[in-house]
Amino acid sequence: MTANTIDANKRMNKFDGHASVWLFGYGSLIYKADFPYLERRPASIAGWTRRFWQGSHDHRGTPDAPGRVVTIIREAGAICHGMAYLVTPEEFAHLDYREKNGYLRLCTEMTFDDGGSVEGLVYIATEDNKAFLGQASELDIARHIAKAAGPSGPNSDYLNHLARALRELGKHDPHVFAIEQHLQQLNSGKQ
Ligand code: SIN
């Protein structure tokens with residue numbers, strides 16, 4: 001069965017009554033902001049690392065042939081770079097639908113690249129969600145991504161857009177860039 005976190009996320013009431021909420025994005029939310037926002041600022045969260053360990057049944061794969069997309073995993077000392085958006089609470093209906101395949105809203109502290117920090121939300125797919133795929137080598141992840149596609153398009157587009165967005169932010173992510181490089185070699189027949 002495909003996971004659906006919409007109901008659980010509706011019960012997340014931490015910011016009820018707030019006129020606006022900061023949302024931290026680390027995956028497709030960096031490069032695809034298909035929602036209105038009041039402000040957008042490069043930011044990071046501490047103690048988390050980005051990993052292509054989440055299955056995608058509804059965007060970059062199907063329930064029978066899931067794609068691989070990112071979630072964040074706790075890691076002491078790690079910093080996950082991304083993009084923070086200030087949104088009004090109405091945007092969460094659309095966001096919960098978009099992130100419904102295993103992602104739960106979690107409260108987090110985020111630090112803006114240009115200074116200051118604030119408490120807000122991040123969508124995280126924990127390892128107990130039904131779509132979680134878990135650890136694999138970066139080469140195996142690239143092989144998986146090379147084959148997968150779903151309603152939002154080829155899985156490789158997700159990886160390439162994310163890698164480009166991180167480069168534009170000036171952030172080096174060894175995991176994402178290693179998978180991107182493996183994929184390029186697979187596509188050129190070198191692997
Ligand atoms: C995010 O971008 O913050 C969540 C994962 C995704 O939608 O790719």
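**Helix packing and the largest pocket**

Trainee: H4 and H6 are oblique to each other in this predicted model. At what angle do they pack?

Mentor: H4 spans residues 138-147 and H6 spans residues 174-187. Angles of 65 to 115 degrees count as roughly perpendicular and those under 35 degrees as roughly parallel, so H4 and H6 fall in the oblique class. Their axes lie 8 Å apart, and the packing angle is about 60°.

Trainee: Is the crossing of H4 and H6 left-handed or right-handed?

Mentor: On the H4 side, the contact includes Leu 139, Ile 141, Ala 142 and Ile 145. Residues from H6 include Ala 178, Ile 179, Leu 183 and Leu 186. The contact has 9 nonpolar, 2 polar and 2 charged residues. As for its hand, the crossing of H4 and H6 is right-handed.

Trainee: Which class covers the orientation of H5 and H6?

Mentor: H5, residues 155-168, packs with H6 at an angle of about 130°, and their axes are 10 Å apart. Only angles over 145 degrees count as roughly antiparallel, and roughly perpendicular ends at 115. The class for H5 and H6 is therefore oblique.

Trainee: How many nonpolar residues does the contact of H5 with H6 have?

Mentor: H5 passes H6 in a left-handed crossing. Among the contact residues are Leu 159, Leu 162, Ala 163 and Leu 166 of H5, with Val 176, Phe 177, Ile 179 and Leu 183 of H6. The contact also has 2 polar and 2 charged residues. Its nonpolar count is 8.

Trainee: Which helix gives the most to the lining of the largest pocket?

Mentor: The largest pocket holds about 300 Å³ of space. Of its 23 lining residues, those closest to the centre are Ser 28, His 59, Arg 98, Glu 99 and Tyr 158. Helix H2 (28-31), strand S2 (39-56) and strand S3 (67-87) each supply at least two lining residues. The most, 3 residues, come from H2.

Trainee: How many residues in the lining of the largest pocket are charged?

Mentor: The lining of the largest pocket divides into three classes, with 8 nonpolar and 8 polar residues in two of them. The charged residues number 7.

Key:
Residues numbered from 1 in each chain as written. Predicted model: local features only at pLDDT ≥ 70, side-chain atom pairs only at ≥ 80, totals over all residues. Heavy atoms only, no water. 1 Å grid on protein atoms, 1.4 Å probe; cavity = no way out; pocket = protein on both sides within 12 Å on 5 of 7 lines; lining within 4 Å. Points joined across faces, edges and corners; volume = space filled by probe spheres on them. Helix = DSSP H or I, 4+ residues; strand = E, 2+ residues; numbered from the N terminus. Nonpolar A, V, L, I, M, F, W, Y, C, P; charged D, E, K, R; others polar. Axes fitted to C-alpha atoms, helices over the stretch in contact; angles between N-to-C directions. Left-handed = near helix turned anticlockwise from the far one by under 90°. Contact = heavy atoms within 4.5 Å.
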